[in-house]
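Okay, thanks everyone, let's get started. I'll put the structure up and then walk you through it.

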Amino acid sequence: MATPHLDRTLRILLIFVLVFGILYLGAPVFIPLTFGAVLAMLLLPVCHWLQRLGLNNGFASVLSLIALLLLVSGLILLLEIQLSDIAQDLSKIQQRVNGLIAHTKDYVQQTFGISRSEQQKMIKEQQGDSMGKAAGMITTLVGSFAGILIDTVLVLVYTFLFIYFRAHFKSFILRILSRQNRETAKDVLQNASTVTQQYLGGLGLMIVMLWVMYGIGFSIAGVQNALFFAVLCGILELVPFAGNITGTSITVLMALAQSSDTRIVIGVIITYGCVQLVQTYILEPLVVGDRLNINPLFTILIIVVGEALWGIAGMILAVPLLGIFKIVCDNSEPLKDIGYLIGPPKEKKGEEGSFITRLFKSNK
């Protein structure tokens, strides 16, 4: 006969399976809705500040959204200017790529004895087989772009509505709970909003610092359009673990296409290593910190799960959502054990902070 504790554990596991199944099947609905909720929490301080200046809730909500759009538009404009500079060098890049292809063909001929004509014949056969696939990929890309455009509009609408009707949604949550749980629910909502704002704000500040460091490092290495690749590497930091490697790999490939000087590639790799050291041991502890209070194992695990459920969007949203879930677990008696499991070891909790923060405190 199963014990009550085992029954509770099995019920929780069943709920998890059902929730993840619903999230997977309802991804087209839940992804823009979740982005809207997270962005709304991020913009709440801006909205509150505008309301303290005397604006009503409607104007403050609209201006908060406009501020976000101006920030994103500025980044897109900066990238577009840099891309136009890269486009002017396309002929040089193409010549460099053609040279690399020719050297590769010579290497294959000398090493494997396959003549240039045979190589060209093999390439043409592969191109013929892939023409249908290429057409299908183009159709898929066009459909994906349309879907992204629609989702972007939905995210903006959801963000505005979440900000504007935040008091109404909060009242609804409190109304469906019993009286003895309402105070706890208020604390959970407040803590979830505060932690999300602090984490995303710290992440944004860290990305700006990464732009500066990558920009200086790539410029010293001799990368053309260093600012573009610095901004790219910083933005891709939104996708944990995989983003910075992807950005640096793109920079390395473009450096190879732009110049035959291997010192530039070495400089890019050295820049990546130095920036990662500074980011891991200084920026993350001081700027982002332990605001989410999550065990690193579960940080990696939730990113993998997020990618499996929602793709890249899931990887971006996974960590802040896990932080919110942990706050719920810490304030719910049936889920406190799960909150303890998700959290870091006891010796890393409390006011002690990380090794870097303890080091700085000890020097005061």
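I'll go from the overall fold down to single residues.

One thing up front: what you're looking at is a predicted model. So, the big picture. The protein chain has 14 helices and zero strands. If you read along the sequence, you just get α after α, right through to the end of the pattern. The chain runs to 364 residues, and 32% of them are buried. The accessible surface adds up to about 22,600 Å², and carbon and sulfur atoms account for 70% of that. Now look at how the chain meets itself. Take the contacts between residues at least 6 apart in sequence: 69% of those join residues at least 24 apart.

Let me show you two spots where sequence distance and space part ways. Start with A27, which sits in helix α2, residues 27–52. In sequence, A27 and L309 are 282 residues apart, but C-alpha to C-alpha they are 7.6 Å apart in space. Setting aside neighbours within four places in sequence, A27 is in contact with L309, and also with W310 and P32. Is A27 buried or exposed? A27 has 12% relative accessibility, so we call it buried, the cut-off being under 20%.

The second spot is G58, over in helix α3. Pair G58 with F165: they are 107 residues apart along the chain, and their C-alpha atoms are separated by 9.5 Å. As for what G58 touches, leaving out residues up to four places away in sequence, you get F160 and Y164.

Stay on helix α3 for a second, which covers residues 57–88. There's a nonpolar surface patch here of about 520 Å², made by L55, F59, V62, L63, I66 and L70. L70 is found in α3, and at 59% relative accessibility L70 counts as exposed.

Now for the opposite situation, helix α8. Why do we say that α8 is largely enclosed by the rest of the structure? The helix has ten residues, 226–235, and seven of them are buried, so the rest of the structure largely encloses it. The buried ones are A226, F228, F229, A230, V231, C233 and G234.

Next, a polar residue with very little exposure: Q279. You'll find Q279 in helix α10, residues 262–288. Its relative accessibility is 1%, so Q279 counts as buried. Which side chain does the side chain of Q279 make a polar contact with? That would be the side chain of Q276, at 3.3 Å. Beyond residues up to four places away in sequence, Q279 touches M206, L210, E237, E284 and P285.

On to charges. How many salt bridges does the structure hold? Two. In one of them, E183 pairs with K186, and the closest N and O atoms are 3.7 Å apart. Both E183 and K186 lie in helix α7, residues 179–221, and they are three residues apart, about one turn of the helix. The other salt bridge joins D330 and K326, where the closest N and O atoms are 2.7 Å apart. D330 and K326 both lie in helix α12, residues 312–330, four residues apart, again about one turn.

Why does that spacing work? An α-helix has 3.6 residues a turn, so residues three or four places apart point the same way.

As for how covered these residues are, K186 comes out at 35% relative accessibility, so it counts as partly exposed. D330 is partly exposed too, at 35%. K326, on the other hand, has 4% relative accessibility and therefore counts as buried.

Last stop, the cysteines, since somebody always asks. How many disulfides are there? The count comes to zero, going by cysteine sulfur atoms within 2.5 Å. Two cysteines to look at on your screens: C47 is buried, with a relative accessible area of 0%, while C274 is partly exposed, at 44%.

To recap: 14 helices and zero strands, two salt bridges and zero disulfides. That's what I had, so over to you for questions.

Methods. Residues are numbered from 1 along each chain as its sequence is written. This is a predicted model: local features need pLDDT of at least 70, side-chain atom pairs count only at pLDDT 80 or more; totals for chains, interfaces and linings use all residues. Side-chain values use heavy atoms; hydrogens and water are left out. Buried means under 20% relative accessible area, exposed over 50%, partly exposed in between (1.4 Å probe, protein chains only). Helices (H or I, at least four residues) and strands (E, at least two) are DSSP runs, numbered from the N terminus. A polar contact is a pair of N or O atoms within 3.5 Å; within protein, one must be able to donate a hydrogen and the other to accept it, and residues adjacent in sequence count only if both atoms are side-chain atoms. Contact means heavy atoms within 4.5 Å. Accessible areas come from the Shrake-Rupley method with a 1.4 Å probe; for residues, only the protein chains shown count as cover. Patches are made of residues with over 30% relative accessible area and no salt bridge: like charges are joined within 9 Å, nonpolar side chains (Val, Leu, Ile, Met, Phe, Trp, Tyr) within 5 Å. A salt bridge is a side-chain nitrogen of Lys or Arg within 4 Å of a carboxyl oxygen of Asp or Glu.
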